[in-house]
Amino acid sequence: MILKKNNLKASNRVKILKIDPTHINRGFIRQAGCVLRRGGLVVFPTETVYGLGADAFNKQAVAKIFLVKQRPTDNPLIAHIARLNDLKKLTRNIPPQVFLLAKRFWPGPLTLILSKKPTVPKIVTGQTDTVAIRMPDHPVALALIKKAGCPIAAPSANLSGRPSATDITHALSDFGCAVDLYLDAGPTKIGLESTVLDLTVNPPEILRPGAITKKALQKLLGRVVERGYRPESAVRSPGMKYRHYAPNAQLILVAGNKQIMIKKILLFMARYKKDGKKIGVIASRETAKYYHGADHIIVIGSRQNLKEVASNLFRVLRQFNAQGVDIIIAETFPEDGIGKALMNRLRKAASKLK
Ligand code: TXA
Ligand code: MG
C-alpha cells in the first residue's frame, strides 16, 4: 500500500543547512534534533547515502516518510543508532554475534536484522517482527541521533524507485519543501547503501550486498549465505521486490572482457542509432574514448578503482535523466569487493520490475 499525499503539509520555503563534518556546527545539530523531536523530517548525511529521517518511536512522523517518499508501507525502514546501548531500545534478544559485528564494523555500512521489541512501531518494520538497525559512520549523523535522543528511522533520501541520493541536490530535487530540514555535508563517501545482514536466521543471510562483503562477514561469523534475488527473499526483505534506482531511459548492461565489451557497445550504439534513438553510454576512464557517436558519454570512474565507480553510480544515473536520452548502454564491472554491490544496483536499475 502507498499512502496518499493529500494530507501532507508543506511549507513553501526549503531549509538547507550546510554543515562541515570536520567542524560540526552544534547550533545546526540542535535545530535538526529539535525538528525530529517535534515529529518533523530531516534529510541527513551518512557515509553510504543521504537518509530521510524521523523519530523512530513517533508513528505519525514515520508515516510522513512513507508519504513523502511514496514508499510502499510493507517496505520497512532502518533504525539508525549512535551507541551500542541504543540497541536495547529496539531489540530484546541480542545474539552474541551482534557484539562481534559491532566491534568490527560499527559505526559503518552494515545493517543488522534482529527481532524487534514490541514497543518499536510496526510502521517502522513494515508490520514484521524484525527490525533493521545500523550505526552510520558519519559524524553529522551520529551527532544528530544523539541530539534527537531517539533512534532515527530513515530510508535512503530518494523518491521510491529513483536512484538513492548521494548529494543533497538529489534529495532536494525529489522532495523539495516536503522535508522540514536538509543537512548538507557534501557528497557521500561510499555512494551505495549498507550491507543488510539477517541475523534472525541461521546461518546469517545477506539480504542486500554493500561495502561490507560476504568474505569480511564470514571471517567473523563463519558461514554466511547470500542467495541473491528470489521471490522468498523479496518477502524477507521487502525492498528487494520493488523496482529500484531506475533511470528514466532503458538501461542495457553489457558484459564481457574489456575488448568484447567495447565491441558489443559499439554494435548496440549502431543498432539504436539506426532507430533514431538518443544514446547515452556509461563508460570507464579507460574506455570512454572508443564510443564515438554516442549522444552523451559519462565517465563513471576507473576500471582500476571500483570504489570510485560505486561512489559515482547514482549520480551518473541521475545525470542521464537530466540529459533526456532514450537508451543508456553501460559497461559492467568485476564483482570483487564493492563490485558485488555495484553490479547488484546496476542490475536492479536495468530490470523491468515495477
Ligand atoms: O546505507 C543505508 O542503508 C541507507 C542509509 C540512509 O542508512 N539506508 C537505506 O535504507 O538504504 P532503505 O530503506 O533505502 O533500504 C533498507 C533496506 C530495504 O531493502 C528494506 O526492505 C530492508 O533494508 N529492510 C529494512 N528493514 C527490514 C527488516 N525488518 N527485514 C528485512 N529487510 C529489511
Ligand atoms: Mg532505498
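Biologist: Why are helices α10 and α11 described as roughly parallel to each other?

Modeller: In this predicted model, the axes of α10, residues 306-323, and α11, residues 339-350, cross at roughly 20° and come within 9 Å. Angles under 35 degrees count as roughly parallel, and the two helices are therefore placed in that class. The crossing of α10 and α11 is, in addition, left-handed.

Biologist: Which residues of α10 and α11 meet, and what is the character of that contact?

Modeller: From α10, the residues L306, V309, A310, L313, F314 and L317 take part, and they meet G339, L342, R345, L346 and A349 of α11. These residues divide into 9 nonpolar, 1 polar and 1 charged. Since Gly is counted as polar and Arg as charged, G339 and R345 are the residues behind those two single entries.

Biologist: What makes S284 a buried residue, and where in the chain is S284 found?

Modeller: Buried means under 20% relative accessible area, and S284, at 0%, therefore counts as buried. S284 belongs to the loop between β12 (279-283) and β13 (296-299).

Biologist: How do you know that the side chain of S284 makes polar contacts with T287 and E331?

Modeller: The limit for a pair of N or O atoms is within 3.5 Å; the side chains of S284 and T287 are joined at 2.6 Å, and those of S284 and E331 at 3.3 Å, so both pairs meet that limit. E331 appears again among the contacts of S284 beyond four places in sequence, together with V299, G301 and R303.

Biologist: Why is D198 called buried, and which side chain does its own side chain contact?

Modeller: D198, which lies in strand β9, has a relative accessible area of 2%, and with the cut-off for buried set at under 20% it is therefore classed as buried. The side chain of D198 makes a polar contact of 2.6 Å with the side chain of T200.

Biologist: What makes F28 partly exposed, when buried is the class on the other side of the cut-off?

Modeller: The relative accessible area of F28 is 21%, and buried requires a value under 20%, while exposed requires one over 50%, so F28 falls in between. F28 is in helix α1, residues 26-37, and, leaving aside neighbours within four places in sequence, is in contact with L17, K18 and I19. F28 is also 8.3 Å from L183, C-alpha to C-alpha, although the two are 155 residues apart in sequence.

Biologist: What is noteworthy in the phi angles of Q70 and Q127, and how is each residue classed by accessibility?

Modeller: Most residues other than glycine have a negative phi. Q70, however, has a positive phi of about 55°, and Q127 has a positive phi of about 70°. Q70, in the loop between α2 (59-69) and β4 (78-80), has a relative accessible area of 27% and is partly exposed, whereas Q127, in the loop between β5 and β6 (130-134), reaches 54%, which is over 50% and therefore exposed.

Biologist: Which peptide bonds are cis, and where are their prolines found?

Modeller: Most peptide bonds are trans. The bond from W106 to P107 is cis, with omega near -5°, and P107 sits in the loop between α4 (96-105) and β5 (110-115). A cis bond also joins N202 and P203, with omega about -5°, and P203 is in the loop between β9 (195-198) and β10 (205-208).

Note on methods
Residues numbered from 1 in each chain as written. Chains lettered and ligands numbered in written order. Predicted model: local features only at pLDDT ≥ 70, side-chain atom pairs only at ≥ 80, totals over all residues. Heavy atoms only, no water. Axes fitted to C-alpha atoms, helices over the stretch in contact; angles between N-to-C directions. Helix = DSSP H or I, 4+ residues; strand = E, 2+ residues; numbered from the N terminus. Parallel < 35°, antiparallel > 145°, perpendicular 65-115°, else oblique. Left-handed = near helix turned anticlockwise from the far one by under 90°. Contact = heavy atoms within 4.5 Å. Buried < 20%, exposed > 50% of the residue type's maximum accessible area, 1.4 Å probe, protein only. Polar contact = N/O pair within 3.5 Å; in protein donor to acceptor, adjacent residues only side chain to side chain.
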